[in-house]
Structures are given as C-alpha cells and as structure tokens.
Amino acid sequence: MSGFTSAYLSTRLSIFSNRLIDFDFLTKLFDLDLEQILTHIATLTGHHYSLDSKDSSSIENQLANNAFNDFQLLIRPFSGRERRFFFYAIRWFELVNLKVLIRGKFSNTEIYIIRQQLIDLGDFAELPLKKLLDTEDTHEMLRLLETTAYAGIVRQARQVYEEHGNDLFLLDATIDRSFFIHLKQRLQALDNQDITQVSQVMGVLLDRFNLLWLLRYRFSYHLSPAKSYYLLTASGRTLHSANLMRLAKMDSVDEVLSALPESLQKKLSGLNTICEIETALEYSTLAIASKALSKTNLVSRFFAYIILREAETKFLQALIKGKQLKFDDELIRQAVVGFK
Amino acid sequence: MLSIPVEMKKISLSMMDEDAQCAALTLARMTILHPVEDTSNEQLLPEFPATPYFDVYQSLASRFTKISDLASEKFTQPDDLTQLVTLEQLQEMDGQLKVLWSLVSVVEEKKRQQHEKMQVTRQLVKSLQKFDALDLDLSRLTRTSRFLNIMVGTVPSANFSRLEKALSLAEFMIRSFYTGEGVQHVVMIGSSQQQTDVHELLKSADFRELVIPEELSGNPAQLRLDLNNQLEESKNEIIKLDKKLSDLLLDISPALQKTNELLILAKPYASLATVLKGHGGLVFMQGWVPADGEQEIKKQLHNNLQFPFHIQLTNPQNKELESVPSLLRHSWIFKPFQSLVSNFGIPNYAEVDPTVLFSFSYILMFGMMFGDIGHGAVIASGSLLLWKRFPSVTIIGVLAGLSSIGFGFVYGSLFGYEHIITPLWMSPMHDPVQVLLLALVWGAFFLLVSNLLAIRNYLVVGLTQQALYSGKGVAGLLFYLAALYSGYQLMANDHFGLFETLCLLIPMAVIMRYQWLQSRAGLFEKTLVVLIEMLEQVISSVSGTLSFLRVAAFSLNHIALAAAVFSIAAMMGPTGHWITILLGNIFIIVLEGAIVAIQCLRLEYYEGFSRFFSGKGKAFEPLKL
C-alpha cells in the first residue's frame with residue numbers, strides 16, 4: 001500500500017473510530033425514549049435513522065447498512081490477501097442471517113417472522129435469501145446452502161442436525177467455530193507483521209469462544225473431554241492447545257477457572273456462572289479492540305474497528321427494537337447484558 | 001438531433017375493488033403504465049386489497065420456478081390474455097404444486113444421499129488399495145477385542161490435527177497412512193472402554209470407517225469388489241432416481257403449463273400489491289403513462305371495466321419532475337446507442353436525452369480515429385455476421401465500419417497503404433500539427449455543446465441561478481470561450497492584454513461568488529472550497545480540451561502501426577511478407593479497433609456526459625404480462 005493510501009486509510013479510520021459511541025455513554029441511552037435515542041445517535045455518529053411503523057426491522061437494516069457502507073469505504077484501499085481477509089471477517093454479519101435461517105427452518109418458524117429477523121447486507125451478501133426463504137423444509141434449505149460460499153459450514157450444521165436434532169445452541173457454536181477456523185486460516189496468509197498485530201485482537205476473540213464453549217460443552221451438555229476439546233475452534237491468545245486440553249479434563253467450572261492462565265484468572269475472579277463469565281469476556285474483548293484502534297498497524301486497526309462497530313450495531317439494534325416493541329427497560333438491559 | 005424523454009402524464013384511477021384485477025390486466029396488455037406508490041392518503045385508504053393475492057402468487061411462482069428449473073420443457077403463453085385469475089384458483093394450484101414439490105424434493109434428497117455415499121465409498125476403496133501389497137488379515141485391523149479397539153477409515157484433512165489431539169484425551173492413537181484429495185486415510189487404536197466417547201467424537205470429525213464384513217476378512221480383493229459393487233449400486237440408484245424424476249416431471253407437465261398460464265395472467269394484479277390502496281370496496285392507484293396514450297387508456301378501460309370508475313390524467317408538476325420516469329423512444333438504429341447511454345445513467349425526465357447526439361458523435365469520432373477503407377469494410381462485414389446473435393453489436397459495428405470507410409477515403413488509406421487511393425483531404429501523417437489542431441477545435445466544439453446542454457437542463461428544472469452563475473452555467477461557458485480566445489491570441493499573435501485578462505477574470509469572479517454563496521462552511525473552509533472549485537474549473541477546461549488530442553493521436557497511431565507492419569513485412573520473403581501483412585492487419589483491426597471504440601466511449605462519458613447529464617433518472621418500467 002502506498003504512503004498516500006496509508007495516510008488516507010489512517011485518516012478514515014480515525015474519523016470512523018471517533019464516531020464510535022463510547023460504551024459508558026451507550027448504557028445511558030437505556031433511560032431515554034426512542035426519539036431521544038435516535039437524536040443522540042444522529043449527533044454522535046452523523047447517521048440519521050427514521051422509524052418505519054410498518055417495518056420493525058427497518059432500523060436494524062439501516063444500522064447494519066451504515067456499518068457496511070463504512071466498511072466498504074475502508075476496505076477499498078486494500079487489495080489481495082488483506083482484502084480477502086476483511087471480506088471474510090465482514091461475513092460475520094452474514095452468519096447472523098445464516099443462523100436465523102437455519103434456526104427458523106429447524107424450528108418451523110413462519111417465514112414472515114424469519115424475514116423480519118434478517119439483515120439486508122447489500123453488496124456484501126452471499127446468501128440467496130429469497131430462495132432460501134422459499135425452501136419448504138430443512139433438507140431443501142441445506143441442499144441450497146451447500147451451493148453457497150457457506151457449504152463447509154453448512155455440512156457441519158447438517159451433521160449437528162442429524163446428530164443432535166434441533167439443538168440450536170450447538171448449531172450456533174458449530175457455525176461460529178467453523179467461521180473462526182477459516183478466518184484464522186486467512187489471517188495466516190497475511191504479512192508477518194499484520195499477523196502478529198491482528199492476532200492480538202483475534203486471539204482474545206478466540207479465547208472467549210473457546211473458554212465459553214468449553215464450559216458449556218463440559219458442564220451444560222456433559223460432553224466427554226475429548227469431544228469438548230474437538231468442538232472448540234483455533235487456539236487464541238492465552239488459551240493454547242495444551243491449555244485447552246488440560247482444561248477439558250477438569251470436572252467443575254471452579255476447577256477450570258482456577259486452572260486458567262493468570263491474566264484470564266484475574267479478569268474472571270469471583271465469577272460463578274457461565275453468563276457472568278461471558279459478559280466479562282465480551283467486555284474484555286471490546287476493551288482490547290479499543291486499545292488496538294490507537295495502534296499504527298492499519299490491518300489490525302481496521303479489524304478492531306469491525307469488532308467494535310459490530311458490537312455497537314448489535315447494541316443499538318437490541319436497544320431500539322426493545323424500545324420499539326415497548327419492552328421493559330430491565331428486559332432490554334438484560335438483552336444487551338454483554339455491555340453492562 | 002436533440003430529444004427529451006417521452007412526455008408523461010400522471011394517472012389517478014379510482015374504481016371498484018371487483019374491477020381492479022381487470023384494470024391491471026388491461027393496462028399490462030397495453031404496457032403503458034408505470035405504477036407508483038402513493039403515500040399521501042394513508043389515513044383515507046388504509047387497506048392493501050391485492051396483498052393476499054400477492055402472497056399466494058409469490059408462493060406459487062417460487063414453487064413453479066423450483067420445479068420448472070428441473071424440467072427442460074419450455075412453457076407457452078396462454079391463448080386468452082383477457083382471462084382473470086381468482087385468488088381461489090391460485091390457492092388451489094399452489095396447494096397442488098406444494099404436493100408436487102414435496103415429491104420432487106424427496107427424490108432430490110435421495111440423490112444427494114447417494115452422491116455422498118458414493119464419495120465415501122470411493123475414499124474407502126482408496127484406503128483399501130493401500131493394503132493390497134500386504135499379506136494381512138484385514139479383519140484384525142477393524143476388530144474390537146475386550147481391551148483393544150482398532151479402526152481404519154478416512155477423515156477430512158482439515159479435521160485431522162484437532163482429532164489427533166482430541167483422541168489423545170481419550171487415550172486413543174491415530175496415524176495417517178495415506179493422504180488423498182482433502183482426506184486422510186487413518187488407522188486408530190485405543191482402549192475398548194472409551195469406545196462410546198470416541199464414537200461420538202469420530203462422528204463429529206466426519207470419520208468414515210472402513211467396515212469389513214466377517215465373511216470378507218482376509219480377502220482384500222473380494223472386499224474391493226464388494227465396495228465397487230456398492231459404487232455401482234449407488235450409480236444405478238442415481239440413474240433410477242433421475243428416471244423417476246423425469247417421469248414425474250413429464251406427468252406433471254400439464255399442471256406446470258397451467259401454472260405458467262395462471263402466473264402470467266395473475267402477475268399484473270399481484271405486482272400492484274403495494275400500489276393499490278383501498279377502503280370499503282373502493283380502490284385507488286397512481287402511475288405515469290405516456291401522454292399520447294391517454295385516449296387509448298380511457299377507451300380500453302371503458303370497454304373492459306364492469307363498474308363505473310374515475311380516471312384523471314394530469315401533467316407533472318415542477319416538484320414531481322424528479323420522480324417522473326423517463327421513457328426513451330428511438331428508432332431501431334439508435335437502440336444500441338441507447339443501451340450505451342443507459343450504461344452511464346438514465347436521463348432525468350426533464351433532461352436532454354443524449355442518445356442521438358451520442359450516436360452521431362461516437363460514430364464520427366470512431367471514423368476520425370480509425371479511418372481506413374479496408375479496415376472499415378472488414379469491421380462492417382464482420383459485424384454483419386453477428387446479426388442473429390448480437391444485433392446491437394452489428395448495428396454499431398456496421399455504422400462504425402462505414403464511418404471508418406468514409407474517413408479512409410478522406411485520408412486515402414486502404415489496409416494501411418497510402419499510395420493506392422488519392423485522399424480527399426490528406427493523410428494525417430503528412431501534417432500532424434494541423435490534425436492535432438483540428439482535434440482541439442473538435443474538442444472545444446464538443447465541450448461548448450455540452451455546456452449549452454447543461455445550461456438548458458438547469459433552466460428546465462428551474463435552477464436559474466445555477467444555469468447563469470455556476471461553472472457549468474453561462475458563467476462557465478463565458479469563461480471557457482474567454483480561455484479559448486485568450487489561448488488563441490497568445491499562440492497566434494503572442495498577445496495577452498487587459499481585454500483578455502478581463503474576459504477571463506469577470507466570469508471567474510461570477511463563478512467564485514456563486515460558489516461562495518452556495519457554500520455553508522466557515523470562513524476558512526469556504527475560502528478553501530471556492531479556490532479549489534475554481535482551480536478544478538480551470539483544470540477541467542484545459543484537460544477536457546486536451547483530452548480530444550487523442551482523436552488526432554489515434555489517427556496518427558493507426559498509420560504508424562500500419563507502417564510498423566510494413567517494415568516488418570519488408571524484412572521477410574514473399575510468403576512471410578503477405579503473412580505478416582495479413583496478421584498485422586488483423587492485429588490492427590482487433591486491438592486498435594477495440595482501443596479506439598473504448599476511447600470514443602471514454603470521451604463521450606467523461607468529457608461529454610459528466611458535464612451536462614446527471615443520469616439519475618428513473619427508467620420507465622411498465623406493468624406487463
């Protein structure tokens with residue numbers, strides 16, 4: 001990348017990063033009404049959103065579309081391996097659609113309900129949503145999905161479906177696991193310097209996934225240590241393969257927590273439930289991504305920006321939808337508990 | 001030469017609910033209505049009466065597409081295009097297709113399973129081949145004893161490393177003995193006590209075991225034969241399933257034809273689902289129609305609708321101009337050029353449609369840049385061969401070829417030879433400076449016309465200030481004329497005096513003042529914006545004009561390329577000479593021809609269209625069957 005392009009991208013990233021809403025401020029939005037929230041968002045981000053009384057998913061789509069537009073601007077200066085890496089990373093958003101579709105079909109949900117939950121990804125979309133919605137049963141949908149870019153992920157989803165029936169949590173985990181493995185493979189293709197920098201952020205994401213699912217597999221699903229370990233994704237920053245194998249053999253949550261590497265143990269000390277651990281790990285991931293935003297490596301900054309923007313979008317979507325559907329403030333707070 | 005999109009009128013049609021479908025079908029047959037959603041009377045007309053119809057139509061259309069994609073049959077249009085399709089008819093057919101699709105889907109799923117089974121069996125055959133050379137009792141390899149469990153099979157390569165570590169947690173050992181396409185052929189050994197845990201794990205890792213029946217143990221050849229038989233069985237099963245599917249599709253062909261007819265007739269009303277609004281049996285819709293179709297619409301609706309209706313056609317108001325669709329009507333010869341214009345954008349309703357102007361200037365420039373009687377004749381005759389498959393390419397190719405022939409006579413060039421025909425004017429190589437100057441004059445003329453068109457477009461939509469004072473308006477035009485005049489004075493007479501300076505500064509000041517008033521930024525930013533905008537105006541005027549030098553450059557380049565071919569040919573013997581001439585001319589026609597075609601397009605788009613043509617119009621998309 002030329003010096004001019006780097007300067008341009010760096011400036012763009014700084015501008016977009018400054019528009020990210022501070023998480024402490026985000027939590028203050030709970031107490032406001034919908035109109036006030038939208039006014040605040042417009043002031044802070046420069047994006048104006050309009051409510052559509054007929055379509056409750058409209059705001060969600062507007063939020064996602066704005067994020068995609070910004071990603072598109074940032075991705076443009078990249079080429080080759082970096083570009084492929086980011087395009088894949090942004091597919092994270094499409095996994096939401098994939099999960100909604102699979103869950104919806106597995107549980108025989110009405111099509112209009114599934115459609116309401118889907119996000120319009122514009123140019124980033126790979127899934128033929130209309131065709132998928134028109135499928136009549138799970139097998140037909142899986143056959144169609146196997147012709148898309150998600151064939152690898154879907155084959156594993158089919159396996160889970162055939163093995164565990166409609167276990168939706170396991171399906172989510174299978175999809176995420178496969179995504180992270182492929183993302184890490186794409187990361188390995190980057191320059192060494194980029195790999196080192198991006199790994200700092202991605203490693204935390206992977207640690208979060210691995211630890212949470214290890215606990216769930218072992219103590220909620222009661223799977224064997226061998227299978228629990230196998231179902232985890234690529235190694236992260238602190239929890240390497242050997243750590244994970246050791247942890248998989250333990251017999252209680254407390255035992256696992258006390259055997260964690262020191263840095264993780266500090267963050268999770270005093271926590272008892274998997275939900276609490278999830279919240280703490282999510283917050284820690286965002287804190288590390290925020291730090292990465294101020295570093296010099298552009299690939300790592302952009303990757304951190306994607307994580308933070310995704311979190312912000314998810315938060316605002318949950319908050320606005322909750323307010324639109326007139327849910328209790330406490331319920332909305334619980335829905336976005338990861339940001340507490 | 002200049003045209004604007006076809007004059008439109010806004011149609012508002014109120015009618016009884018019972019007549020809505022008939023009205024939709026009538027208007028669709030006429031392909032005359034561009035429907036639009038009306039959001040102004042949501043309170044008065046809260047119902048969308050066509051929505052239930054649309055939902056069933058969508059479901060039926062989706063099922064029909066899925067099934068008909070598998071059938072190779074072509075379905076025909078209905079004979080009677082006036083027949084109305086009821087909601088009940090659609091629902092009944094949708095129900096039938098649901099059952100039919102479930103039958104088709106079962107066969108498709110069975111096919112998928114057979115394909116997967118074949119893939120696994122092929123991998124196992126490969127595994128088995130590795131044991132061929134060994135004198136080994138195979139049953140010992142896959143035997144579960146009291147203490148020991150041994151398994152042989154395949155696992156996807158991507159899963160191998162993780163599986164190896166996971167198995168170690170269950171005190172199992174795995175070794176790969178062969179790597180195939182994306183799979184590892186493995187042997188595993190471990191304690192029988194852990195068998196259940198490991199079995200679950202292996203399923204997750206997509207492990208496929210090589211099962212050796214007791215009776216085949218110790219006989220690898222027989223086992224391989226058995227696996228090959230399984231493969232053969234799967235192939236036969238797939239053939240049977242294909243046959244079953246084609247028989248099924250043949251059986252349901254009449255139903256599919258009927259569905260196709262229903263869908264064609266139901267489409268117009270279903271398409272109006274978001275446009276038709278109603279309340280208490282009365283429905284209302286709006287749209288745009290070509291003004292010259294007004295009487296015919298009224299006549300057709302009077303003839304076809306059963307109940308009284310109210311129709312109103314009005315001219316578009318100024319505030320509506322941006323939303324009026326543009327219908328471009330051109331004769332067959334301009335149609336291919338219309339597609340090239342549409343590639344850039346659709347003209348706004350009030351904008352000049354540049355198709356005809358574009359056609360003439362494009363063909364003219366192609367001839368100027370690629371003037372050769374022989375090459376033009378090859379392009380024209382070659383294009384004629386494409387008439388059946390690509391008629392648009394043929395029209396453009398023939399016209400470009402004819403233009404090339406015309407300029408070939410002007411330049412006196414035949415397949416690059418310049419001494420065979422006496423030029424009507426001269427060969428560009430004889431006086432390149434004069435050719436370059438002429439190209440500049442052509443460029444200046446082109447830009448002036450573009451500027452005039454921009455002014456006209458601003459005035460039509462009421463942007464008078466922009467038409468007068470902006471860089472693309474009268475002030476910009478005067479600035480450009482002043483720049484041309486001053487440039488001429490400086491070059492021809494070596495003179496640049498007060499008059500020339502004032503000629504340039506006055507329009508510049510007008511443009512800058514206009515920019516200043518338009519800008520909403522702070523003082524510093526405003527100053528910066530105005531200066532940069534003015535700088536851009538100066539640069540674009542100069543670069544735009546110089547850009548047309550390529551017209552001359554390519555005409556010179558054409559001759560230079562031909563000269564290069566002749567020089568190489570001169571170094572060859574008689575046979576080599578003519579082969580070189582032939583290949584050289586093909587090279588010139590294909591490569592230079594393509595480059596010139598692209599360069600002409602570039603000049604049109606970037607030096608012409610970008611100055612006067614927004615291309616932000618909406619295409620007229622009529623309701624049709």
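Where in chain B does B:A273 lie? Select B:A273 and you'll land in the loop between α8 (253-271) and β7 (277-279) of chain B. Keep in mind on this tour that you are looking at a predicted model.

**Stop 1: around B:A273**

Stay on B:A273 for a moment. Is B:A273 buried or exposed? Neither quite fits: B:A273 is partly exposed, because 17 other C-beta atoms lie within 10 Å, and a buried residue would need 20 or more. Now add B:F48, B:A50, B:T51 and B:F54 to your selection; B:A273 touches these four, leaving aside residues up to four places away in sequence. Try a distance label between B:A273 and B:F54: their C-alpha atoms are separated by 6.1 Å, although the two positions lie 219 residues apart along the chain.

**Stop 2: zoom out to chain B**

Pull back and show chain B as a cartoon. You'll be looking at 20 helices and eleven strands. Chain B has a radius of gyration of 37 Å, well over the 25 Å that the globule rule gives for 625 residues, so chain B is more spread out than a compact globule. Turn it along its principal axes and the C-alpha atoms fill a box of roughly 110 × 85 × 60 Å. Of the 625 residues in chain B, 34% are buried. Take the contacts in chain B with a separation of 6 or more, and 78% of them join residues 24 or more positions apart.

**Stop 3: the four-stranded sheet**

Next, pick out β3, β4, β5 and β6 of chain B. They form an open sheet in the order β4-β5-β3-β6, with antiparallel pairing. Its edge strands are β4 (172-179) and β6 (208-209) of chain B, and each of these pairs on one side only. For the middle of the sheet, select residues 148-156 and 183-191 of chain B: β3 and β5 pair there in the antiparallel sense over nine bridges. To see one partnership up close, click B:V155, whose bridge partner in β5(B) is B:Q184.

Now bring α3(B) into view. This helix lies across β3, β5 and β6 of chain B and runs at about 120 degrees to β3(B).

**Stop 4: where chain B meets chain A**

Keep α3 on screen and turn chain A on. Here 22 residues of chain B are in contact with 19 residues of chain A. On the chain B side, α3 (87-129), α5 (157-169) and α6 (195-204) each supply at least two residues. Color that side of chain B by class and you'll get nine nonpolar, four polar and nine charged residues.

**Stop 5: helix α11**

Head to residues 355-369 of chain B. The 15 residues of this helix should span 21 Å at 1.5 Å a residue, and the end C-alpha atoms are indeed 21 Å apart. How many of the residues of α11(B) are buried? Twelve of the 15, which leaves the helix mostly covered. Among them are B:F358, B:Y362, B:F366 and B:M369. To see what the buried residues pack against, show α10 (335-344), α13 (391-411), α14 (432-460), α19 (549-570) and α20 (574-612) of chain B.

**Last stop: B:M512**

Finish at B:M512, which sits in helix α17 (residues 498-518) of chain B. B:M512 counts as buried because it has 20 C-beta neighbours inside 10 Å. Leaving out residues up to four places away in sequence, B:M512 touches B:V530 and B:M534. Add B:S470 too: B:M512 and B:S470 are 42 residues apart in sequence, and 8.4 Å apart from C-alpha to C-alpha.

Methods. Residues numbered from 1 in each chain as written. Chains lettered and ligands numbered in written order. Predicted model: local features only at pLDDT ≥ 70, side-chain atom pairs only at ≥ 80, totals over all residues. Contact = placed C-beta atoms within 7 Å. Nonpolar A, V, L, I, M, F, W, Y, C, P; charged D, E, K, R; others polar. Pairing = 2+ DSSP bridges. Axes fitted to C-alpha atoms, helices over the stretch in contact; angles between N-to-C directions. Rg over C-alpha atoms; globule rule 2.2 N^0.38 Å. Expected span 1.5 Å × (residues − 1).
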